[in-house]
Amino acid sequence: MKKPITVSGLIQTGVIQDNLTTSLPKFKGQSDFSSDITIQIALEQIQPNPYQPRRIFPDIELQELAASIAEIGLIQPIAVRKISETSYQIIAGERRFRAFKLLNKSEIPCVLFSCADADMAVMAIAENVNRQDLSDYEISKSIRNVENLFPSKTSLAESLGFQREDMYRYFAYDALPEFVIEKLEANPRLLSRNAAADIKRIFNKISPEHYEFALTAFKEAVALLELAEIDQTKIANFISLKVKHFSDGEILEVNNKKEEFFINNKKIGHFFSSHKGVEVKIAVGVLSYEKTEELKEILNNFLNSSSSQS
Amino acid sequence: MRDFGVKLKLAKEFVGFMGSSPEFRSLFEKKSQQYHNTYSALDIRNAKLKLLGVEPSALQTEHKLPPIINCRMAKGGTGKTTICGGIASALSMFGYRVLMIDGDPQASLTGLFGINWATENITHIGELMLKFSRKEEYRIENAVRPLYEGNMLDLIASDISLVNADSWLMGVTSREFVFKKFLDANVEFFSKYDVIMIDSAPSTNLLTNTFMCACQKILAVVWLDGQSLKAMQILVSNVNELNDAFHSMGFHLDVHIVANGYHPSYSPCKDAMSTLISSYPDKINNTVIPHAVSFMKQVELFKEENSGTVLEREPNSIAARAIIDLSKSLVKEYDIKLSGIQVI
Ligand SMILES: Nc1ncnc2c1ncn2[C@@H]1O[C@H](COP(=O)(O)OP(=O)(O)OP(=O)(O)O)[C@@H](O)[C@H]1O
Ligand SMILES: [Mg+2]
């Protein structure tokens with residue numbers, strides 16, 4: 001039997017687009033009408049937003065906020081939704097809520113909104129995506145968390161106001177090997193979404209027989225990254241070069257070849273090539289000033305002629 | 001009364017039964033022979049209750065109105081009636097008690113189930129509401145026709161005289177809420193059902209408005225072409241207007257959209273689909289109803305033997321599958337419960 005037709009299927013296969021700019025008039029939402037009446041709600045009746053990606057609120061910040069609230073009062077009420085007769089959930093304003101707790105207040109001014117899970121998730125994430133202090137990896141995890149509240153990735157992207165491209169970058173972490181996910185769990189800033197997407201692209205391109213090799217190269221790169229010896233934006237390139245050399249038939253040793261120069265059995269320097277480049281080192285006093293200039297010129301001519309050839 | 005049942009495979013799917021077929025059969029007391037090995041809506045309901053460990057007679061119905069699904073579109077021929085009847089029969093076969101109200105003077109839902117409004121004596125919803133608002137005697141029971149055994153699918157039929165509703169509604173105070181008040185006043189009766197389905201006419205008038213004002217979420221049935229999108233604009237302004245007028249009373253009407261008539265080789269329907277999903281990404285049901293001959297193989301009006309929904313006539317067709325998938329998602333979307341029990 002033929003497969004049922006679904007909106008998500010039509011979007012995925014590119015039969016229809018979900019990002020046209022011309023659109024039909026909107027249905028007004030409930031909050032488009034809300035008259036924003038502030039009410040006082042007891043702190044113990046209020047629960048945090050389960051979709052809030054930010055779990056850590058630095059003490060200093062909270063104390064500063066509490067101090068300012070103590071001095072001038074709460075300027076903006078927090079937004080909550082009712083989840084039962086006696087309990088509410090924060091839609092926005094968890095920091096203010098925590099500051100109120102610090103101040104030992106018993107209640108806090110709130111505005112009631114009716115808000116579905118999906119909207120709630122979107123608000124919590126949207127509030128945080130542009131913040132400096134939340135890493136791409138944490139955002140990607142919170143997006144994953146709420147993904148099933150939406151009919152499709154596209155509608156999720158739309159609700160969050162992301163470009164689709166960008167959305168897929170956040171999803172790129174999923175394709176990364178286990179070892180790096182473990183590292184990200186400990187240090188979420190290790191790889192940005194762009195770096196993750198680039199690496200994912202490389203892994204998608206390489207043929208299966210090179211996979212193990214690429215994985216080794218990736219591990220090597222991450223080790224270098226942790227030593228701050230390579231920039232995260234260069235990792236994809238690092239892996240791809242290694243794989244390329246490997247598949248071109250060159251072995252690793254060629255790449256890291258070191259040859260030493262001797263005069264009268266005395267070591268006076270070396271030639272070293274690696275993925276970082278080619279290095280020629282010659283000890284002090286071996287070359288006169290003229291010889292040094294000559295060598296520079298030879299190199300210059302050599303480099304210019306070889307680059308004009310290619 | 002219609003004699004409709006589904007075969008083992010669908011019955012198992014509808015009950016949500018994972019075990020073996022003999023185990024499944026043993027859920028039923030009566031010898032299935034007499035049913036040609038088919039399972040009726042009531043069979044499926046009872047099997048579900050049994051698996052939940054609930055004694056049907058022990059069910060206590062809370063006096064609370066069930067969810068209402070009103071099929072709407074400000075344009076004729078978009079499939080409102082086809083889909084309304086289709087969903088109603090599917091939900092009933094999932095074991096839910098369904099009441100259908102034909103809210104269209106054209107009475108096509110009534111005709112879809114083989115009832116000849118020209119010759120039968122029909123008490124329609126307009127008459128019930130009129131008597132209610134004039135505080136006259138009425139009995140809803142007399143207006144209700146059982147279609148599937150055990151009140152699994154009931155219908156309040158309609159006929160051409162329902163057009164009169166608009167003129168008397170005009171003179172009633174808070175006329176938009178007459179239907180809602182009628183339901184509230186008879187909550188004991190309506191709470192017997194797990195869901196109420198209403199088929200509406202395409203017009204924007206007092207009758208279609210009063211049905212919508214009893215709902216939390218209407219079901220907009222869009223036929224995938226340019227014209228239907230124009231009609232969507234009318235529906236949007238209709239809904240926004242009602243919300244504008246009554247939000248201070250705490251009223252808010254939402255919209256869920258189902259796309260109908262998709263045909264892969266007809267490009268305007270892809271454009272229409274793109275416009276729809278771009279405009280209302282969070283309101284569209286993921287199931288798209290295909291353009292299928294099974295829907296059209298209608299139904300010589302008024303002949304009971306030729307009548308029926310696509311699920312009844314061709315339960316294994318792709319058309320029936322689309323209706324089943326759609327109906328499953330509506331159970332979630334509209335929070336439909338089996339006598340107040342949430343079945344997951
Ligand atoms: N998906 C479909 N594929 C093919 N034909 C369809 C489909 N849906 C509906 N139809 C056919 O289109 C016609 C109109 O459908 P239907 O009566 O359900 O529309 P409606 O919106 O209720 O119309 P009205 O506005 O007159 O009440 C019918 O003949 C029906 O069989
Ligand atoms: Mg109709």
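**Where chain A meets chain B**

In this predicted model, the side chains of Lys28(A) and Asp244(B) come together in a salt bridge, with 3.0 Å from N to O. The count of salt bridges between chain A and chain B is just that: one. Polar contacts turn up here too: across the interface of the two chains, the rule picks out 12 residue pairs, with both partners at pLDDT 80 or more. On the side of chain A that touches chain B, the elements giving two or more residues are α1 (7-12) and α6 (153-160) of chain A. The top contributor to that side is α1(A), which hands over four residues. Sorted by character, the residues on this side of chain A split into 14 nonpolar, nine polar and six charged.

Now for the interface as a whole. Here 29 residues of chain A are in contact with 34 residues of chain B. Put together, chain A and chain B bury about 2900 Å² between them, and 67% of that area sits on carbon and sulfur atoms.

What about chain A taken by itself? Chain A is built with 13 helices and eight strands. Of its 310 residues, 37% are buried. Looking at contacts in chain A between residues at least 6 apart in sequence, 61% of them join residues at least 24 apart.

One residue to look up in the structure is His210(A), found in the loop between α9 (193-205) and α10 (211-226) of chain A. Is His210(A) buried or exposed? With a relative accessible area of 14%, His210(A) counts as buried, because the cut-off for that label is under 20%. Setting aside the neighbours within four places in sequence, His210(A) is in contact with Val243(A), Phe246(A) and Ser247(A).

Over to the ligand. There are 20 residues around ligand 1, and those that come nearest are Lys80(B), Thr81(B), Thr82(B), Asn260(B) and Pro290(B). Lys80(B) uses its side chain: an N or O atom there is 2.8 Å from an oxygen atom of ligand 1. With Pro290(B), the backbone does the job, as one of its backbone N or O atoms lies 2.9 Å from a nitrogen atom of ligand 1. Ala292(B) also takes part through its backbone, where an N or O atom lies 3.1 Å from a nitrogen atom of ligand 1.

Notes
Residues are numbered from 1 along each chain as its sequence is written. Chains are lettered from A and ligands numbered from 1 in the order in which they are written. This is a predicted model: local features need pLDDT of at least 70, side-chain atom pairs count only at pLDDT 80 or more; totals for chains, interfaces and linings use all residues. Side-chain values use heavy atoms; hydrogens and water are left out. Contact means heavy atoms within 4.5 Å. Buried area is the accessible area (1.4 Å probe) that two parts lose on being put together, summed over both. A salt bridge is a side-chain nitrogen of Lys or Arg within 4 Å of a carboxyl oxygen of Asp or Glu. A polar contact is a pair of N or O atoms within 3.5 Å; within protein, one must be able to donate a hydrogen and the other to accept it, and residues adjacent in sequence count only if both atoms are side-chain atoms. Ala, Val, Leu, Ile, Met, Phe, Trp, Tyr, Cys and Pro count as nonpolar, Asp, Glu, Lys and Arg as charged, and the others, Gly among them, as polar. Buried means under 20% relative accessible area, exposed over 50%, partly exposed in between (1.4 Å probe, protein chains only). A residue is near a molecule or strand if one of its heavy atoms lies within 4 Å of it.
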